[in-house]
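The following exercises concern strand pairing, burial and aromatic contacts. Each task is followed by a solution in steps.

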Amino acid sequence: MLDDLDRKSMPWLSGGFDIEGVAAALAALLVALLLGMFWGPLFWIGFVAFLAVMLAARWSGRTPPDMASAIVAPCDGVVVSIEPASETPQELRLGDAPAVRVRISSAPYTTNKIYTPISGSLETVIVEAGDSSVPLAMRPDDTGLAKAYLTFESRSQQVGVRLSSGGFGPRLDIDMVAGDIARLGRALGTRRLGGWCDVYMPASAGQLIWQGQTLVGGETVMGRLKSEAEPETLDEIVAPTEDAFEPKLDEIEEDDDYPSVEEADMSDDPAVLMARLREAARRSSDE
């Protein structure tokens, strides 16, 4: 009852902090206070750690679009590039179908949840622990980063997600396992303090985003999976010709039920009028 009241009076209150993150942040603040008792500048070092932990614990509730075939952004961030994927990571085990790679960069202060990009099943999950000597992910292909590879499938179409973040501390946690059913926009794990995200979409999905766009994880539609009813190529679409709806006079067969113009009188009988129209049309075609 109280939750319903809060949603009505404060609709913007749709986020919060992870409990374990808040506990760690309070511990960092306590250490900062103790260090400050010995030497003032040490307090600010501990206070920076407190802020970093609070940012890592921040999450936000999301409302996925009501689209069965949608591909949504797995995380918050900015689109860095959109380009054809000549090669895909072997860890994703994607097929040979043409794919497009969308690279997303997330700042350290973005929310920490990861969302399922499509409705379907989670086929593969691979998580690699990072090196504690690499605190920040300055480039997506740096060595020592914590990485996660996830492949989703729906109606024989696959979407791959490669996540990377700094290796210092627990930065990547995936709550789903291979074989789980994925609902569109569901929170499937946590990536703390930002990083990089590469989304590999089928080339047939189209592109509803552009370079430099800010994406909202679990909500922004990046593309749409091809429906089974849609044609594979443009050659399968049969377009009507210009004269598809125009009658062809050469294909009109003679009908003995209507008298010719010479045999008919000039009365208002419908059969007479029809014969006159057919004769005029034949003369126009001969000319």
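**Exercise 1.** Determine in which sense β10 and strand β12 pair, and over how many bridges.

*Solution.* Step 1. β12 covers residues 187–191, and β10 pairs with β12 in the antiparallel sense over three bridges. Strands are DSSP runs of E with at least two residues, helices are runs of H or I with at least four residues, and both are numbered from the N terminus; two strands pair if DSSP finds at least two bridges between them. The model is predicted: local features need pLDDT of at least 70, side-chain atom pairs count only at pLDDT 80 or more, and totals for chains, interfaces and linings use all residues. Residues are numbered from 1 along each chain as its sequence is written, and side-chain values use heavy atoms, with hydrogens and water left out.

Step 2. Individual partners can now be assigned. Asp-173 stands opposite Thr-190 in β12, while Ile-174 has Gly-189 of β12 as its bridge partner.

**Exercise 2.** Establish which strands lie at the edges of the sheet that contains β12.

*Solution.* Step 1. The order β6-β12-β10 describes an open sheet of three strands with antiparallel pairing.

Step 2. β6 (113–115) and β10 (172–174) each pair on one side only and are therefore the edge strands.

Step 3. From one strand to the next, the twist averages 25 degrees (axes are lines fitted to C-alpha atoms, and angles run from 0 to 180 degrees between N-to-C directions).

Step 4. β6 is also joined to β12 by three bridges in the antiparallel sense. Thr-190 in β12 is the bridge partner of Lys-113.

Step 5. Four of the five residues of β12 are buried, so the strand is mostly covered (buried means under 20% relative accessible area, exposed over 50%, partly exposed in between, with a 1.4 Å probe and protein chains only).

**Exercise 3.** State in which order the eight strands of the other open sheet are arranged.

*Solution.* Step 1. The order is β11-β7-β8-β9-β13-β5-β4-β14, and the pairing is antiparallel.

Step 2. β11 (181–182) and β14 (214–215) are the edge strands, each pairing on one side only.

Step 3. Within this sheet, strand β4 (residues 77–84) and strand β5 (residues 99–106) run antiparallel and are joined by six bridges. Val-100 in β5 is the bridge partner of Pro-84.

**Exercise 4.** Classify the ring pairs that involve Trp-44.

*Solution.* Step 1. A pair of aromatic rings is described by the distance of the centres and the angle of the planes. Rings of Phe, Tyr and Trp (its six-membered ring) pair if their centres lie within 6.5 Å; planes under 30 degrees apart count as stacked, over 60 as edge-to-face and the rest as tilted.

Step 2. The structure holds four aromatic pairs. In one of them, the ring centres of Phe-43 and Trp-44 are 5.1 Å apart and the planes stand at 75 degrees, so this pair is edge-to-face.

Step 3. Trp-44 and Phe-47 also form an edge-to-face pair, with 6.0 Å centre to centre and 85 degrees between the planes. These two residues are three residues apart in helix α3 (residues 40–56) and so are separated by about one helical turn.

Step 4. Trp-44 counts as exposed because its relative accessibility is 54%, whereas Phe-47, at 25%, counts as partly exposed.

Step 5. Ring pairs link Phe-43, Trp-44, Phe-47 and Phe-50 into a cluster.
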